[in-house]
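Visitor: I would like a close look at a single helix of this chain and at how the rest of the fold is arranged around that helix. Please take the surroundings into account as well, including how far the model can be trusted.

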Amino acid sequence: MIHWKEGPRRQGTRKTHRARDLRQRMTDAERKLWLLLRGSRLDGLKFRRQVPFGPFYLDFYCASHRIAVELDGGHHDHPDVRASDQRRTAYLRSKGITVLRYSDRDALLSLESVLEDIARKIKNPHPVPLLFKERG
């Protein structure tokens with residue numbers, strides 16, 4: 001039996017099991033988007049799904065461009081959930097990750113537009129650096 005050491009890519013069995021569970025219980029919108037992102041189908045970019053990152057799980061993540069794509073259901077309109085999403089986005093930005101958010105509705109009804117937007121934002125990244133430097 002191979003024993004893997006803990007490290008940046010070795011998050012432990014609890015997070016691995018949770019990520020597997022999330023991948024098995026994808027929403028219809030996530031499933032539809034994943035069919036077009038998987039296998040480097042979007043401009044040859046490799047995306048992974050339900051990736052553990054710090055205390056969060058990213059719906060879709062392109063490591064080469066440090067971009068997370070998040071699909072939000074209707075419950076994300078609630079003020080508490082919106083505030084939580086803002087904290088999550090701030091955390092990810094502080095780690096140098098760009099977060100692209102789309103509603104489940106957009107992914108289900110206008111998937112082509114979502115894919116075009118993702119491709120455009122990857123080709124033309126934000127002109128201002130998003131990485132915040134800590135003073136110390």
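What follows is one connected account, which begins with the whole chain, settles on a single helix and then moves outward again.

Visitor: Which residues of α2 are buried, and against which elements do they pack?

Guide: It helps to begin with the setting, and with the caution that this is a predicted model. The chain has 5 helices and 4 strands, and, read from the N terminus, its elements follow the order α-α-β-β-β-α-β-α-α. Of its 136 residues, 35% count as buried, while the chain as a whole exposes about 9400 Å², of which carbon and sulfur atoms supply 52%. Among contacts with a separation of 6 or more, 57% are between residues 24 or more positions apart.

Confidence varies along the chain. The mean pLDDT is 77, with 68% of the residues reaching 70 or more. Taken by element, helix α1, residues 13-24, has the lowest mean value, 64, whereas β4 has the highest, 92. At the start of the chain, residues 1-8 stay under 50 in pLDDT, and the model gives them 4 contacts beyond four places in sequence. At the other end, residues 132-136 are likewise below 50, and that stretch has 2 contacts in the model beyond near neighbours in sequence.

Now to the helix itself. In α2, the buried residues are Ala29, Glu30, Leu33, Trp34 and Leu37. These residues lie on the same side of α2, because they cover an arc of only 125° around the axis. The elements against which the buried residues of α2 pack are β1 (48-53), β2, β3, α4 (104-109) and α5. Just after α2, Gly39 adopts a positive phi of about 65°.

Two of the buried residues of this helix also appear in the description of the largest nonpolar core. That core has 22 residues, and those with the most contacts inside it are Leu33, Leu37, Phe47, Phe60, Val69 and Ile118. The elements that give two or more residues to this core are α2 (28-37), β2 (56-62), β3 (67-72), β4 (98-103) and α5 (111-123), and among them α5 gives the most, with 6 residues. For Leu37 the partners can be named: leaving aside residues up to four places away in sequence, Leu37 touches Leu42, Leu45, Phe47, Phe60 and Leu115. Apart from the largest core lies another core, of 8 residues, which includes Leu58, Ala68, Leu92 and Val99.

The helix also carries a charged pair. The side chains of Arg31 and Asp28 meet in a salt bridge, with 3.4 Å from N to O. Since these two residues are 3 residues apart in helix α2, about one helical turn separates Arg31 from Asp28. As for accessibility, Arg31 is partly exposed, with a relative accessible area of 37%, whereas Asp28, at 57%, counts as exposed.

It is useful to set this pair beside others in the chain, for which the count comes to 6 salt bridges. One of them joins Asp85 and Arg101, whose closest N and O atoms are 3.9 Å apart. Asp85 lies in helix α3, residues 79-94, and Arg101 in strand β4, so this pair ties together parts that are 16 residues apart in sequence. Here Asp85 is buried, with a relative accessible area of 11%, while Arg101 is partly exposed at 27%.

Another pair sits in α5, the element that gives the most residues to the largest core. The side chains of Lys121 and Asp117 meet in a salt bridge, with 3.1 Å from N to O, and, being 4 residues apart in helix α5, Lys121 and Asp117 are separated by about one helical turn. Lys121 is partly exposed at 37% relative accessibility, but Asp117 counts as buried at 11%. Beyond such pairs, salt bridges that share partners join Asp72, Asp85 and Arg101 into one network.

To return to the part in question: α2 has its buried residues on the same side, and these pack against strands β1, β2 and β3 and helices α4 and α5. The salt bridge between Arg31 and Asp28 involves one residue that is partly exposed and another that is exposed.

Key:
Residues are numbered from 1 along each chain as its sequence is written. This is a predicted model: local features need pLDDT of at least 70, side-chain atom pairs count only at pLDDT 80 or more; totals for chains, interfaces and linings use all residues. Side-chain values use heavy atoms; hydrogens and water are left out. A nonpolar core is a set of buried Ala, Val, Leu, Ile, Met, Phe, Trp, Tyr and Cys residues joined through side-chain atoms within 4.5 Å. Buried means under 20% relative accessible area, exposed over 50%, partly exposed in between (1.4 Å probe, protein chains only). Contact means heavy atoms within 4.5 Å. The arc is that of the directions from the helix axis to the C-beta atoms. A salt bridge is a side-chain nitrogen of Lys or Arg within 4 Å of a carboxyl oxygen of Asp or Glu. Accessible areas come from the Shrake-Rupley method with a 1.4 Å probe; for residues, only the protein chains shown count as cover. pLDDT is the predictor's confidence in each residue, from 0 to 100.
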